[in-house]
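Please open the structure in your viewer and keep the selection tool at hand. The stops below are meant to be followed in order.

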Amino acid sequence: GMAANMRLPTIRKQVSLSSSLSALDGKDLVVPGDVITSDTGFMRGHGTYMDEEKLTASVAGEVERVNKLICVRPLKTRFNGEVGDVVVGRITEVQQKRWKVDTNSRLDSVLLLSSVNLPGGELRRRSAEDELTMRDYLQEGDLISAEVQSVFSDGALSLHTRSLKYGKLGQGVLVQLSPSLIKRQKTHFHNLPCGASIILGNNGFVWLYPTPGHQDEEAGGYYTSLEPVSLSDREVISRLRNCLLALGAHKVLLYDTSVLYCYESSLPHQIKDILKPEVMEEIVMMTRQKLVELEG
Amino acid sequence: MRDTPLSNCERDFLLKAIQEKKRLDGRQTYDYRSIKISFGTDYGCCFVDLGKTRIMAQVSCELITPKENRPNEGLIFFNIELSPMASPAFEMGRQSELLVKLNRQLERCLRNSKCIDTESLCVVSGEKVWQIRVDVHLLNHDGNLMDAASIAAIAALCHFRRPDVGIQGEEVTVYSTEERDPIPLSIYHMPICVSFSFFQQGTYLLVDPCEREERVMDGLLMIAMNKHREICSIQSSGGIMLLKDQVLRCSKIASVKVSEITELINKALENDKKARKTGGKFGFAESLPQERITALKTDVSPVEMSDVKEKANEIVQRAEVPPQTVPSPVLTAPGTGQVGEGLENSWGLKEEEEEEEEEEEEEEDETVELKMDETDSPGPRSVCAVFHGHSWQDGTE
């Protein structure tokens, strides 16, 4: 038996915007129903609508103005993918010649059979046999990392895993956060110095996994190692996961540096204590301080 | 929009837990979640909460011409709606398989069982009869929609009052509620649906599955019964093979559950009747929790713990004496007051002290109740309880 903590509900303190980075200065935040402007000279973009000659916001977010176009970019939204984004998704359906992938967008994304690397890595035409054995490669419930190849006219994404760094994901931990918290960077695959690796999917799905040793890469991303993961690796990954939840709760932009700083700030605490609200606040405050020092 | 798919880990965890006779919310295999029935100010409006599943049923009536082959009988019309607020998977206007199944089952349960006397709904034979319409709206989907819908429907029907009708020769007068008291429907018996979910090809059985359990179940057996132990309808879906004695066992469990639920419905109806008669307040506004300190209060729920006493004693013996705190304010100077003493602010140690204080309070009780300790030092309130047995997944294990 183990001891468990229980606590009575208390009023949560407001996360004050003023303590956050200067990124929010000068930004125009609106909520649905707020009038943006009464000037009729503007064109209305996404997230706005006309209400009796007044341009009104329909989503909660910040107002963006490009010359004569006004649009509102929502703070919390489903993932709107663009070509080149790295996503982590879960297979929901196996259909004829394609898989349907859940990527936290409005529509399920599509992974065509012709867009995957077959095991063996050779480039050959997909035969009828390949169609029948699709389930051997990816089943319902499997997690994959992929890149957005194109966007269909209805907004659904077409993914591809035609590189050895993409493919089926093996042992690890998935953390589901909001897509707006992921910073766009040159690369989304990082091997963190603390002893684990991370994939920051643009769609808000973050994958933590033990850093792979030098394995053969021939299998092309479908070989999932079932070797037991050591306890130290698992502890690092658990701590990272709790740190990600702490950063997500305080709406901190996620990229490799912020995750790493958060990890370092959390070291004095026990892994399970990181989930407590007061410890979360402390860790995120220290992370923010370090990030400000880095900038300035 | 499609519902978030269940991950393999969650599915495996649920199935493994069921194999070990454990449920996510700590219930036993045959336990129902807490059922709450409340009525509105209008007759025939009923809200049912089955755990977090929330359903509203509304009964209304209208005078229409009867069917040609049944000129003496009134009509009853059922309609279930899956509102999009219940679950992201439901879309307005989309006729899903689940919706059709629920509608069919509710009709079989209430219409085919002839629980309502349709002949009493006849006003003028061949010309005017009452059509009773039961609209059931799903407000929140947390599993076991059929049971909740059947409870809501039958409770609403029992609660409903139709306008009184007077016939003088050829003239038919429908009296409004102000002129004459409306009269209740004539209901013979109350059929209630009980759902049994099966896992691992019929090896494991759970009563009243919640939404997560429904996602991993293999098959579902729904038995509609009344308190006189008469089976009104029985349906098995999911294609699992059930043995004869399994079905018999389920029907025995169902009869026990149905009598409990029928009693609950009758009690709720009684309370509502009493409130209306004595002129007290009734309706939904009264049944909603107020914005008070006790709004978050939940009932005492039993928690499984076996060697609480032993462990608490061990920890208490090792504990230090709690610091003496001043319960009442001390006036240090005119205009200033002080409550409590300044404790040293060491992260982590502070909570241990409070844990040990709380455990001293609890060593007398077998069951744990959350109490507010007045002599406690100000700070985050935390209560420590010691659990027996289960392997908890935490990062360090």
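The tour goes from chain A to chain B.

This is a predicted model, in which local features need pLDDT of at least 70 and side-chain atom pairs count only at pLDDT 80 or more, while totals for chains, interfaces and linings use all residues. Residues are numbered from 1 along each chain as its sequence is written, chains are lettered from A and ligands numbered from 1 in the order in which they are written, and side-chain values use heavy atoms, with hydrogens and water left out.

Colour chain A by pLDDT (the predictor's confidence in each residue, from 0 to 100); its mean is 85, and 88% of its residues reach 70 or more. Then select residues 216-220 of chain A, where pLDDT stays under 50 and the model has eight contacts (heavy atoms within 4.5 Å) beyond four places in sequence.

Next, show the open sheet of chain A, whose four strands (DSSP runs of E, at least two residues, numbered from the N terminus) follow the order E2-E7-E8-E4 with mixed pairing (at least two DSSP bridges between two strands). Strands E2 (29-30) and E4 (43-44) of chain A stand at the edges with a single partner strand each, so one side of each is left without a neighbour in the sheet. Zoom in on E4(A), which pairs with strand E8 (residues 69-74) of chain A in the parallel sense over two bridges, and find A:Met43 opposite A:Leu69 in E8(A).

Finally, select helix H5 (residues 244-277) of chain B (helices are DSSP runs of H or I, at least four residues), which has 34 residues and reaches 49 Å from its first C-alpha to its last. Just after H5(B), B:Gly279 takes a positive phi of about 80°.

Key:
Expected span 1.5 Å × (residues − 1).
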